[in-house]
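Hi,

Here's the structure I promised to pass on. Have a look at it first, and my notes on what turned up follow below.

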Amino acid sequence: MVSDGITMGVNGMRYSLPSRDLIADCVELMHEAYMCDGILTLSGCDKTIPGVLMPLARNNSIGLTLYGGSILTGRFQDKAISIADNFVAIGAYSVGKMTKEELRTVEKCACPGAGSCPGMFTANTMATAIEALGMSVPGSSSHVAVDVHNNISNGKKRDISESVKALFGLLKKGIRARDIMTKEAFENAITVMYALGGSTNGILHLLALAHEAEVNLTIKDFNRIASRVPLIGNFKPFGNYAMEDLEKIGGTPMVLKLLLDGGLLHGKVMTCTGQTMEENLKDVPSRPTDQNVITSLEKPLAPPMKHIVVMEGNLAPQGAVIKLSGKELNFFEGPARVFDSEELAVDAILTGKIKKGDILVIRYEGPKGGPGMREMLYPGNALIGAGLGNDVALITDGRFSGATHGIMIGHVTPEAHVGGPLAILEEGDKVAINLSTKTIDAKLSDEEIALRMKKWKQPEDKYKTGILARYAKLVKSPSVGAILQ
């Protein structure tokens with residue numbers, strides 16, 4: 001798999017999202033070629049989690065998936081830190097808020113051992129969603145990978161044993177992937193994603209998984225479910241805790257029980273254990289009251305529709321997503337600062353050219369235009385580090401890391417490369433973000449937009465050969481999961 005942490009902010013990130021579909025094809029190729037009876041797939045960081053499950057849904061195989069677990073947090077100045085803090089630190093250093101020695105210490109301490117990013121970033125978003133989907137054994141998404149001595153954790157040892165038992169149970173009962181991956185099961189996965197404050201990448205990956213399972217899930221379903229699910233998970237990058245903290249108070253099963261008891265989950269759905277969701281949760285302890293990791297449904301961190309919201313408007317006629325993570329944002333308007341690549345935008349941030357009230361626009365970073373739909377973690381966290389996280393909005397046809405926070409709108413569709421309205425936006429144009437109407441609009445008349453579109457010419461494809469050239473030709477819109485034709 002491609003490591004997002006290593007490729008962040010460079011051209012290598014273009015290969016990250018395409019690797020999801022390559023992983024899926026490789027798993028399918030081997031499983032079907034050897035005509036296996038069942039399959040237990042293993043995943044680590046975010047693209048591998050949907051990647052190893054997509055072929056099971058595609059071929060209606062008998063099997064399940066096992067997540068390797070998240071990393072423990074590092075420590076800096078008596079605070080828990082993770083890989084995302086490196087990028088915040090770079091932004092802080094660039095504006096003189098951190099010394100070079102402090103930056104180096106952050107870099108050394110952020111990753112103390114093995115495992116995926118510890119907060120509710122994309123890996124843990126997808127791991128918890130897939131446990132809610134019923135395709136991994138109970139508790140496996142919240143058990144950390146290793147202990148403080150960097151040995152495999154006891155929880156993960158249990159997950160391995162339980163996953164093998166579950167596989168043989170599925171074989172014995174003849175339960176296939178699509179018996180589990182139903183529309184109601186996907187609604188459970190989306191519910192957990194919103195409740196825990198998951199990554200915007202979850203929308204891409206759950207749409208892709210539903211496509212493979214031939215389940216009629218659309219981007220409009222996300223707002224429908226979001227309208228009834230409050231934010232109850234106090235997790236990084238916007239909150240205070242990590243997956244190791246959730247494991248200590250009952251893990252993902254405790255959260256599922258809380259949501260089920262609150263009438264927010266479908267309890268009758270089948271899971272990979274051969275039992276229904278409510279049967280799995282029958283003996284799970286209730287939420288402890290002496291902790292701040294998971295709030296009650298009655299007193300959530302934020303009400304429904306205050307985490308990830310699907311937006312439309314004249315800049316995103318086919319949709320976009322904004323990640324609020326509980327922030328009180330109703331309206332934001334400012335001048336567009338337009339950049340045709342991530343690198344140009346980052347340079348503007350680090351050299352102090354972006355000011356409070358600006359709307360930073362990064363275009364030609366979509367699935368076709370990038371190609372590969374890079375994550376904008378670097379510019380997003382550079383804004384945070386520069387002290388502009390609450391005062392500058394970022395709009396892009398690229399996507400975000402699960403570690404991104406701030407005022408972030410991504411997945412703008414149609415993307416600029418195929419003639420989406422983002423392509424004709426000019427420096428200084430007024431842009432309005434309106435949460436009450438769920439719209440992002442350029443303050444331009446329809447006539448002006450049409451006039452500019454007539455003058456616009458599509459840029460040449462950046463890659464003429466190789467996997468990225470092939471990907472650009474085959475990939476579809478993020479609004480349907482960036483699936484391949």
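**Strands, cores and empty space**

L394 has M408 in strand β10 as its bridge partner. That's one spot where strand β9 (residues 393-396) pairs with β10 in the parallel sense, over three bridges. Before you go further, bear in mind that this is a predicted model.

β10 has a second neighbour: strand β6 (residues 320-323) pairs with β10 in the antiparallel sense, also over three bridges. There, V321 stands opposite G410 of β10. If you want to see how β10 itself is arranged, look at residues 407-410: I407 and I409 point one way, while M408 and G410 point the other way. In a regular strand, side chains alternate between the two faces of the sheet. Here all four of those β10 residues are buried.

Next, strand β7 (residues 331-339). β7 pairs with strand β11 (residues 430-434) in the antiparallel sense, over five bridges, and F331 has N434 in β11 as its bridge partner. β7 also pairs with strand β8 (residues 359-362), this time in the parallel sense and over four bridges. For that pair, look for F339, whose bridge partner in β8 is I362.

On to the inside. In soluble globular proteins, nonpolar side chains tend to be buried together. The largest nonpolar core here takes in 110 residues, and the ones touching the most other members are M181, F186, F222, I294 and I433. Helix α9 (residues 183-196) gives the most to this core, with nine residues. M181 is a good place to start clicking: leaving aside residues up to four places away in sequence, M181 touches L53, A57, L133, M135, F186, L209, A213 and V215. Apart from that core lies another one, of 16 residues, with F339, A382, L388 and M408 among them. You've met two of those names already: F339 is the residue partnered with I362, and M408 is the one partnered with L394.

Now the pockets. The largest pocket has a volume of about 450 Å³. Its lining is made of 22 residues, and A80, I81, D85, V88 and K236 lie nearest its centre. Which elements does that lining draw on? β4 (79-81), α4 (84-94) and α16 (377-385) each supply at least two residues, and α4 gives the most, with four. Sorted by class, the lining of the largest pocket has 12 nonpolar, seven polar and three charged residues.

The second largest pocket comes in at about 300 Å³. It is lined by 25 residues, and the closest to its centre are D4, G5, C45, I83 and C117. α1 (4-7) and α6 (122-133) each supply at least two residues of this lining. By class, the lining of the second largest pocket has 14 nonpolar, eight polar and three charged residues.

There is enclosed space as well. How many cavities of 30 Å³ or more does the structure hold? Three. The largest cavity has about 60 Å³ of space in it, and E131, G134, S136, P138, L256, T271, M277, N280 and L281 line it. By class, that makes four nonpolar, four polar and one charged.

The second largest cavity has about 50 Å³ of space. Around it you'll find S43, I49, T65, L66, Y67, A127, I130, S136, S140 and S141. S136 is worth picking out, as it appears in the lining of the largest cavity and in that of the second largest. β2 (63-67) and α6 each supply at least two residues of the second lining, with β2 giving the most, three residues. By class, there are five nonpolar, five polar and no charged residues around the second largest cavity.

One last residue: S161, in helix α7 (residues 154-173). Is S161 buried, exposed or partly exposed? S161 counts as partly exposed because its relative accessible area is 34%, and partly exposed is the range between under 20% for buried and over 50% for exposed. S161 and L265 are 104 residues apart along the chain, and their C-alpha atoms are separated by 27 Å.

Cheers

Technical notes: Residues numbered from 1 in each chain as written. Predicted model: local features only at pLDDT ≥ 70, side-chain atom pairs only at ≥ 80, totals over all residues. Heavy atoms only, no water. Core = buried A, V, L, I, M, F, W, Y, C linked by side-chain atoms within 4.5 Å. Buried < 20%, exposed > 50% of the residue type's maximum accessible area, 1.4 Å probe, protein only. Contact = heavy atoms within 4.5 Å. Pairing = 2+ DSSP bridges. 1 Å grid on protein atoms, 1.4 Å probe; cavity = no way out; pocket = protein on both sides within 12 Å on 5 of 7 lines; lining within 4 Å. Points joined across faces, edges and corners; volume = space filled by probe spheres on them. Nonpolar A, V, L, I, M, F, W, Y, C, P; charged D, E, K, R; others polar.
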